[in-house]
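Dear colleague,

Please find the structure below for your consideration. My notes on the findings follow it.

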Amino acid sequence: MKKLLLFFALGLFANGYAQNIRFEGVIMDSGKAPLEMANVMAVNQTTKAMDAYAITSDKGKFVLNLKANTSYTIKLSYIGMQNKEITVATKSENIVQNITMESGGIELAGVEIVREMPVSIKGDTIVYNADSFKSGTERKLEDVIKKLPGVEINSDGEVEVEGKKVSKLMVDGKDFFKGDTKLGVKNIPADAIDKVQFLRNYNENSILKGVENNQDNVAMNIKLKSGKKNFWFGDISAAGGINDTNRYLVNPKLFYYSPNYSINLITNFNNIGELPLTVQDYFKFTGGFKNMMSKGGSSFNISSNDLGISLMRNNRAKEIETQFGAANFTYNVTKAWTLSGFGIILNSNSDLETKSTVNILNPSSNQIASTENRDEVTSQKSNLGLFKLGSIYKPNSKFQLDYDILSKLSKQDENSSLLRQSIVNSISTNETIFTGKKQDPTSLNQNLSAYFTQSDKNVFAVEMQHLYQDENPFYNANLQSQPFSLIGYLTGQNRNDLSQNRFVKTNKLDAKLDYYYMITPKSNINITIGNTNSNQNFNSSIYQILDGGGINKLTDSQNNNSVNYKFNDAFLGLHYKFLSGKFTITPGVSFHTYDMTNTQLGNSFNQNFFRILPDFLTIYQIKKAETLTYNFGFTNSFTDINRLAEGFIFNNYNSLSKGSRTLENATQQTHSLRYFKYNMFNLENISANLSYSKTVDAIKTQSVFNGVNQSSSPYNSDFADESASAFAMYGRSFLKNYKASFNTRLGWSKFNNIQNATLTVRESFTQTHTITAATNYKNLPNLEIGYSLTVNDYNNSKFYTDKPFVKLDYYFLKSFSFVSEYEFYHYYNGDKTVNNEYDFLSASLIYQRTKESKLEYKISATNLLNTTSLNDDSFSQFSTRTSQYTVQPRYILFSLKYNL
């Protein structure tokens, strides 16, 4: 099989070199100055097809790989120059020819040629012509994006450009489920896409575009084909199982776009493990709300009390049944006023089977102190809702008023039974444990912003955000052994049945005023006045259920919490931004006064102090598409109420914790260096990022382990925590039909904690390296091959994952699309006590008589090799964990799709 794949791949690559010649030269103006980023396109005079294209380098150079013995029309365009066409007849020898363009063209003269170019850059926008990269097998936006040079889709389904996550998706300039890109990537039909645009340095508000630094913001806009506008489009799919007739999938998707409004409807009902939105996605869904205080230098984040229910992933479940519905709209009420919003409902039932080993490390060495082996069966039910409404009022270019409201509603239940083997001092103990989790948290997030340009020199921005959050997690654990000694606990029961209620309410208001004064066209001063105010209440109680069903309320204060926490941060920020040659430099400083009061146990504890926090940003614009960015800052980080409550909290059946009301803030300094280069001449894409952080007075954990049971509390460490990360990616397209890329991610962390009264220092080092090569032919099979190596070193316990992978897609006979993907995993640890191999193979065959046909027929198969489980590992600051998850079996489906 390997020899066959190698022969096939070599054949495809050899095809690219056969019978080709190079046509190269320099594009100049009439003064013999080279023209950078001029568009050059070769059109075959016989087939009328574009056989090659190029964008000139900074020295005006271009290279086209053309067919020998063929006549071409060479089309050239450059803004400010007259379009030019020349005729070239190739033979068997390479051709060198310089070309001069004449001035006098108007701004739009090159639009037609640019429209046909596969890739073009205009300012901060990279534009991909989708049809130039389609082979015919693509069915959704995700399939198109994967073929674009310099663009990646990460393991979470998020789009990345230059190593930065795309934070916003638009279709024809209209928001598509604001705050998430995954829904669009997975559902927008590929045949509707004309252009894919990536907007770097993006700012939603044009008023602030020139005065703020937006180097980390990337948005994506999909331009629809003309035939998809002012008409409903989309598709309706239905599938049934062949090998298992109980399997089904129903997936209607409808879209409508016009100049004044848009409507998007997506539904999905299935029991084959296809999750349009995971529970993780739900909790990460921001609705477009940003951290408006990120520039202030303080970090006060409201933590979640989700009990760990949200940690389930699609490929780690034995059985998943999903009902999903989503609707999104935008409506231009007037030219000045736009309304938008969405609603999302997700219901899912999941069954999980997990085998895991947790090794608790000795505090004074890397040896294993105790081991917990778990064989766990879990049932989860989740009902989730997301609802968003937004308004933008912009009567003129100088004023804008925005309002957004986002509501999250959910109801989740989880029941687990597990067989635990505890190995302590070489003594093994087995017991059965049952746990139950319930929660139905709600949150309401509101944003009100106003932007006003008073004159060319004065810009004002007022922003306010309010968060209301109500959480009520319930936890129950039923054990054979007694895990902890609690005051008032009745011993001697057949089972140890413990429950805890928690109620956490949060009201948080952020408000700030920004004033920008334009000193010169290349410099401005930014003055910020802001305030963060939070009021939280935390109540909890533990009770014991006796053998006869009676309730023993553990009323001692150490088993209960009734806490109020008030936090206030008032600050003044000053930033000076100026351009000097190729540099954009922004030094800044913020002055903070903090006031915090927590009330519990009948009295109050107050802290107030003053801090000065500097920050610095510089951007070096080396060339038009090459930048180097350095960022430095100090951040004061504060805990919320969860780590201040001094009564006990059950985190898990074997983990009990309590807070400390005297905790102080941590101070973190961060440094980051980012490099980016996009060479349009040879479609070379290079991005790299280095970052380092050091945290002093970090809030750490002091734990006492009794066998495999852990009691913990937080404290401010006298020793600094450190972390560093690095990312590098190199990608290049060549010979029109080929691309290759390599990327690497490295991460190092050092943590300080106290374990059983002993100071422990733990280090972790993770690395992932991936190399891929792919073809992109219109009329030949396309192959993507790659290899990924992941190494996780947790305090000298190493885990490895080797992952070669291959994807084949082929559009043939103008009606058939075949796609197959294969992944092989070799998972093992350093001493080979864990050594597993597993692989996944999927395939699909689609028949559509012509591209205009309404009906599509599809046979698809997932997990063709019927792999039963996969492996994973993780690291806490006291232990390592390896896990094996049961996955869904082989499904073979027959599908029918109707294209609107």
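Over residues 1-8, pLDDT (the predictor's confidence in each residue, from 0 to 100) stays under 50. For this stretch the model has four contacts beyond four places in sequence, a contact being heavy atoms within 4.5 Å. Residues 106-112 likewise have pLDDT under 50, with six contacts beyond four places in sequence. Where pLDDT is low, the predicted coordinates should not be read in detail. For the protein, the mean pLDDT is 89, and 95% of the residues reach 70 or more.

This is a predicted model in which local features need pLDDT of at least 70 and side-chain atom pairs count only at 80 or more, while totals for chains, interfaces and linings use all residues. Residues are numbered from 1 along each chain as its sequence is written, and side-chain values use heavy atoms, with hydrogens and water left out.

Strands are DSSP runs (E, at least two residues), numbered from the N terminus; two of them pair if DSSP finds at least two bridges between them.

One open sheet holds four strands with antiparallel pairing, in the order β3-β2-β5-β6. Its edge strands, β3 (50-55) and β6 (84-89), each pair on one side only. Within this sheet, β2 (residues 39-44) and β5 (residues 71-77) are antiparallel and share six bridges; Ala42 stands opposite Ile74 in β5.

A three-strand open sheet, also antiparallel, has the order β11-β12-β13. Here β11 (151-153) and β13 (164-165) are at the edges with a single partner strand each, so one side of each has no neighbour in the sheet. Strand β12 (residues 159-161) is joined to β13 by two bridges, and Val161 stands opposite Lys164 in β13.

Yours sincerely
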